[in-house]
Amino acid sequence: MAPERVWFARARSGDHTCAGALFLETPAALYGRYWGCVEEREFLHFETAYYAGIERCIEREIPLFEAGAQGEHKLLRGFSPCPTYSAHWIRHPALAQGVRRFLIQEAEAVQQRMDALATAGPYRQVDEPPST
């Protein structure tokens, strides 16, 4: 990946970095967020890992901000659940078979949870009547 595609949102406390989030950027999307901090502060996680990314997308007219996997807390910030994918190769056949079986079961459970969370999201289909 080209260095200009890597972006770091840094939070400072005085003259030192106290937190940061790493993002990977393309013209089509900003992908995040690898987050870390050396001191806990209220709202620092969301400011650095989410809001800074959203601002970057607006400033650079990037159409998609992918905030990363997991986190039901993202619903409150306007992020709807969406699937993520990864690819792994496991050399040991028995271990690969066990992992494959687990992933099939997990995929079903994750889809059920995503379906349930989708009803709690901040957006609705245009043709849906507003709830009263």
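Glu61, the residue that follows helix α1, has a positive phi, near 55°, in what is a predicted model of the protein. Helix α1 itself comprises residues 44-60, and its 17 residues should span 24 Å at 1.5 Å a residue; the end C-alpha atoms are 23 Å apart, so the expected and computed values agree. Within this span, α1 bends by about 35° at Tyr51. Burial in the helix involves residues on either side of the bend position in the sequence: Leu44, His45, Phe46, Thr48, Ala49 and Tyr50 are among the buried residues of α1, as are Ala52, Gly53, Arg56 and Cys57.

Helix α2, formed by residues 93-118, has 26 residues and reaches 37 Å from its first C-alpha to its last, a distance close to the 38 Å expected at 1.5 Å a residue. Ala96, Met114 and Leu117 are buried in this helix. Leu117 is also related in space to Ser80, a residue in the loop between β4 (65-66) and α2: although Ser80 and Leu117 are 37 residues apart along the chain, their C-alpha atoms are separated by 8.0 Å. With a relative accessibility of 40%, Ser80 counts as partly exposed, because this value falls between the 20% and 50% limits that set this class apart from buried and exposed residues.

The largest pocket of the model has a volume of about 1200 Å³. Its lining consists of 34 residues, of which Ala69, Cys82, Pro83, Thr84 and Val110 are the closest to the centre of the pocket. The elements that give two or more residues to this lining are β4 and α2, and the largest share, 11 residues, comes from α2. By residue class, the lining of the largest pocket divides into 20 nonpolar, eight polar and six charged residues.

As to the confidence of the prediction, the mean pLDDT of the protein is 86, and 88% of its residues reach 70 or more. Confidence is lowest in strand β3 (residues 30-37), where the mean is 88, and highest in strand β2 (residues 16-25), where it is 94. Where pLDDT is low, the predicted coordinates should not be read in detail.

Definitions and conventions
Residues numbered from 1 in each chain as written. Predicted model: local features only at pLDDT ≥ 70, side-chain atom pairs only at ≥ 80, totals over all residues. Heavy atoms only, no water. pLDDT = per-residue confidence, 0-100. Helix = DSSP H or I, 4+ residues; strand = E, 2+ residues; numbered from the N terminus. Expected span 1.5 Å × (residues − 1). Buried < 20%, exposed > 50% of the residue type's maximum accessible area, 1.4 Å probe, protein only. 1 Å grid on protein atoms, 1.4 Å probe; cavity = no way out; pocket = protein on both sides within 12 Å on 5 of 7 lines; lining within 4 Å. Points joined across faces, edges and corners; volume = space filled by probe spheres on them. Nonpolar A, V, L, I, M, F, W, Y, C, P; charged D, E, K, R; others polar. Bend = angle between axes of the 7 residues up to and from the residue.
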